[in-house]
Amino acid sequence: MKTYTARWYHRVGIWFGIGLNPASITLGGGLAAQLPFSTLYWVIPVGAVLLISMSIASGLIGQKLRAPFARWSVSTFGLGIGALTLNLIMAFGMIGWHGFQLGLAGTALSGLLRTPGWIGIVLLALIVAVASFSNINRWNWIAWITSISAILLAVSTLFTIGIGVSESYEPAQFSMRIAVWAIGTMVAYAALFALRVPDFTWDLATPRDVIIDGLAFLGAFLIGVSVGALLYRSTGSWDLAVILADTPIAFIAQVFLVLSLMSPTLSTIHSGALAWSNVLPINSRVAIPLFVSIGLILGLTRFDQQLLPFLDWLGAITPSALAVMICAMFVRRYTSTKWTLGSWAIGAACALALKISGQNIHLIVGVSVSLTLLFSSILFKPGPRLNARR
């Protein structure tokens, strides 16, 4: 019997790096631009608890089944179109995140080197592509450097810019519709990560290791989003490169900015390559150059400036899939892979239709429809038992 010995401290840097980095800071700024500061006091914790709960649940399932994301998706949606579609969404979603990370960090690297912006993006793409061929457990030191850099970036930025509140950047009034959208956007921020959490937990020794990593994610995420909100209220912007460009700490802040994105970038390549290897007839090591090349194109076109729209569209598709995958564990005796696939597809279709029509409740409706259909399977004749280890 195989023994699994990976512990929480082998992976905590990855969780922390996803929680606190320029992306979560950007997210916080975007939310502050839409909601009054007083509303963010409860909106941010609610969204954070929801997404962390999903992430921990996903990680615990991966640890229990000893199955990474790709195998878990097959056990839930079957070997056919369901798992293929989800892996394709994961593959493109990871490319989008990779484009964000390369665009932002690569531009900062160009600032350090005093070269045209595209040079830093290309150079960073080459660095992370080479590093991604190493064993995931060897990333731990990079992850810790990332985490420390992210903290230093947040602290130094707030210290330099200040945390004064300007009324000129305060949205006109509270809107429950926007509050619901904000919570959904926070969930969408980590929806893809929550789906791929088993890639980092399937070989952890105990459930306790998963929970500790999840709590580290929660603390880091709250810090990142709060810093972004404070920056927007002080400056009217959440673009770190712009905010820091004319400050006395511009050089050192750009160093922190580049380093803070190293761990998230590597983890994105890891999961993205795995997803592509399940979509195309290639192994994950061959998929890495393909993945990085497409992400490089997005980075060069500054996809990082489209983060919130990107999250908004992901929020119409992925949360329903994640909710079905988690809750299917509780109705395994009563449902089949066809039923779970149908539950996800119909819920995601409803969410997309609402999103296209301009409704901000698309995430809630999509998840609700999917779970209603999933649990209604108990009322019908039981289908074949889902095989978690298939």
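A helix here is a DSSP run of H or I covering at least four residues, and helices are numbered from the N terminus. By that count V365 belongs to helix α18. The model is predicted, and the protein has 18 helices and 0 strands.

V365 has a relative accessibility of 24%, so it counts as partly exposed, the buried class being reserved for values under 20%. Its C-alpha lies 6.3 Å from that of A351, and the two residues are 14 positions apart in sequence.

Of the 390 residues in the protein, 57% are buried. Among contacts with a separation of 6 or more, 86% join residues 24 or more positions apart. The protein exposes about 15700 Å², of which carbon and sulfur atoms supply 69%.

Part of the surface is a nonpolar patch formed by W42, V46, L50 and M176, which together have about 350 Å² of accessible area. Helix α3, residues 37-65, gives the most to this patch, with 3 residues. M176 is located in helix α8, which spans residues 176-196. M176 counts as partly exposed because its relative accessibility is 46%.

The largest pocket holds about 310 Å³ of space. It is lined by 17 residues, and those closest to its centre are L50, M54, V187, L363 and V367. The elements giving two or more residues to this lining are α3, α8, α16 (318-327) and α18 (362-376). Helix α16 gives the most, with 5 residues. L50 thus appears both in the nonpolar patch and among the residues closest to the pocket centre.

Turning to charged side chains, the whole structure contains 2 salt bridges. Side chains of opposite charge can pair when their charged atoms come close. One salt bridge joins R7 to D209, with 3.0 Å between the closest N and O atoms. This pair links distant parts of the chain, since R7 lies in the segment before α1 (8-19) and D209 in helix α10 (residues 207-235), 202 residues apart. R7 has 26% relative accessibility and therefore counts as partly exposed, whereas D209, at 0%, counts as buried.

The other salt bridge is formed by the side chains of R11 and D203, at 2.9 Å from N to O. Here too the partners come from distant parts of the chain: R11 is in helix α1 and D203 in the loop between α9 (198-201) and α10, 192 residues apart. R11 is buried, with a relative accessible area of 1%. D203 also counts as buried, because its relative accessibility is 15%.

How values were computed
Residues are numbered from 1 along each chain as its sequence is written. This is a predicted model: local features need pLDDT of at least 70, side-chain atom pairs count only at pLDDT 80 or more; totals for chains, interfaces and linings use all residues. Side-chain values use heavy atoms; hydrogens and water are left out. Buried means under 20% relative accessible area, exposed over 50%, partly exposed in between (1.4 Å probe, protein chains only). Contact means heavy atoms within 4.5 Å. Accessible areas come from the Shrake-Rupley method with a 1.4 Å probe; for residues, only the protein chains shown count as cover. Patches are made of residues with over 30% relative accessible area and no salt bridge: like charges are joined within 9 Å, nonpolar side chains (Val, Leu, Ile, Met, Phe, Trp, Tyr) within 5 Å. A salt bridge is a side-chain nitrogen of Lys or Arg within 4 Å of a carboxyl oxygen of Asp or Glu. On a 1 Å grid over the protein atoms alone, a cavity is a set of points where a 1.4 Å probe fits but cannot get out, and a pocket is an open set with protein on both sides within 12 Å along at least five of seven lines; lining residues have an atom within 4 Å of a point. Grid points are joined across faces, edges and corners, and a volume is the space filled by probe spheres set on the points.
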